[in-house]
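Here is a brisk tour of one protein model. Keep the sequence and the 3D view open while you read.

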Amino acid sequence: MYVTSGNNTEQLLTLEAIVRVANAFTDAATDNGDAVDMRQVLDDAGFPRAVIAPEAAIRRTTERFADLLNRVQSLPDIGVSAATLWINAELTELEISPSLTDHGGAALHIHWTPASATFDDQVIADFLMALTNELCDNGITRFGRCAADDCERLFYDSSRNGSRRFCSDPRCASRTHTADHRKRNKAT
């Protein structure tokens, strides 16, 4: 999973991966403090090298994302200026050295870190650069929190008209729509 210049699909996938990882932390906290299986979450989100990454790199990725979690979860609620400040601060901690590559059968794409970078540096750089591009293109308007009463999960709204209201769990929309329907029927 890499942010690719001129290819919004890769950027959207990376933004959705950020949300997926953040929601995995939310779900783990809800599920009696279970640990996040970062390797599986990243693999499911399209980071194929997560499967072969050393355990220490996966652990560092988990720890580093945990440090970013509150900021990521606050995206629907903060302004572009605040998001810009924290992303810029995080970017100063990384060695960014863009290069083009087409390894492993993947199309030509940008690696934001040098070839010697650790897996966790690569993942965090991909996440931060996708957020950077998103802030430039759309601000924070496409990040939202699920409208279901009992859900705090995030979503990234890639719909054309920006009308998404619920996270990826279909039960949230279903419960909300069913409750609204029952409320309307009860009122008549």
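Start at the chain's beginning. Over residues 1–5, pLDDT stays under 50. For that stretch the model has 28 contacts beyond four places in sequence. This is a predicted model, and its mean pLDDT is 87. Of its residues, 92% reach 70 or more. Confidence is highest in helix α3 (residues 55–73), at a mean of 96. It is lowest in helix α6 (residues 170–187), at 75.

**The main core**

The largest nonpolar core has 45 residues. Leu-42, Phe-65, Val-72, Trp-86 and Phe-127 touch the most other members. Two or more residues each come from α1, α2 (38–44), α3, α4, α5 and β4 (154–156). Helix α5 gives the largest share of this core, ten residues. A second, separate core has seven residues, among them Ala-148, Cys-151, Cys-167 and Ala-173.

Trp-86 deserves a look. Beyond its neighbours within four places in sequence, Trp-86 contacts Leu-68, Arg-71, Val-72, Leu-75, Ile-78, Leu-128 and Leu-131.

**Helices α4 and α5**

Two helices can be set side by side.

| Helix | Residues in helix | First to last C-alpha | Expected span at 1.5 Å a residue |
|---|---|---|---|
| α4 (80–91) | twelve residues | 16 Å | 16 Å |
| α5 (119–138) | 20 residues | 28 Å | 28 Å |

Each span is close to the expected value, for α4 and for α5.

Which residues of α4 are buried? They are Ala-83, Trp-86, Ile-87 and Leu-91. These residues cover an arc of only 140° around the axis, so they sit on the same side of α4. The general rule is simple: an α-helix has 3.6 residues a turn, so residues three or four places apart point the same way. The cover over the buried residues of α4 includes α3 and α5. On the face turned away from the buried side, α4 carries the exposed residues Ser-81 and Leu-85.

Helix α5 is mostly covered, with 15 of its 20 residues buried. Thr-132 lies in this helix. A polar atom of the Thr-132 side chain lies 2.7 Å from the backbone oxygen of Leu-128. Outside its neighbours up to four places away in sequence, Thr-132 touches Ile-87 and Leu-91. Both of these partners are among the buried residues of α4. Just after α5 comes Gly-139, which takes a positive phi of about 70°.

**Thr-26 in helix α1**

Thr-26 lies in helix α1 (residues 8–30). Is Thr-26 buried or exposed? Its relative accessibility is 16%, so Thr-26 counts as buried, since the cut-off for buried is under 20%. The side chains of Thr-26 and Gln-73 are joined by a polar contact of 3.0 Å. Not counting residues up to four places away in sequence, Thr-26 touches Gln-73 and Arg-153.

**Loop residues**

Next come three residues outside the helices just described. Ala-53 is found in the loop between α2 and α3. At 7% relative accessibility, Ala-53 counts as buried. Beyond residues up to four places away in sequence, Ala-53 touches Arg-39, Ile-58 and Phe-119. Val-19 is 34 residues from Ala-53 along the chain, and their C-alpha atoms are separated by 21 Å.

The loop between β2 (109–111) and α5 holds Trp-112. Ala-115 has its place in the loop between β2 and α5 too. Which of the two words, buried or exposed, fits Trp-112? Trp-112 is buried, with a relative accessible area of 12%. Ala-115, by contrast, counts as exposed, because its relative accessibility is 80% and the cut-off for exposed is over 50%.

Distances place both residues in the fold. Trp-112 and Ile-87 are 25 residues apart in sequence, and 15 Å apart from C-alpha to C-alpha. Ala-115 and Thr-101 are 14 residues apart along the chain, with 10.0 Å between their C-alpha atoms.

**In brief**

Trp-86 is one of the residues that touch the most other members of the 45-residue core, and Trp-86 is also on the buried list of α4. Helix α5 supplies ten residues to that core and helps cover the buried residues of α4. Read residues 1–5 with their pLDDT of under 50 in mind.

Key
Residues numbered from 1 in each chain as written. Heavy atoms only, no water. pLDDT = per-residue confidence, 0-100. Helix = DSSP H or I, 4+ residues; strand = E, 2+ residues; numbered from the N terminus. Contact = heavy atoms within 4.5 Å. Buried < 20%, exposed > 50% of the residue type's maximum accessible area, 1.4 Å probe, protein only. Polar contact = N/O pair within 3.5 Å; in protein donor to acceptor, adjacent residues only side chain to side chain. Expected span 1.5 Å × (residues − 1). Arc of directions from axis to C-beta. Core = buried A, V, L, I, M, F, W, Y, C linked by side-chain atoms within 4.5 Å.
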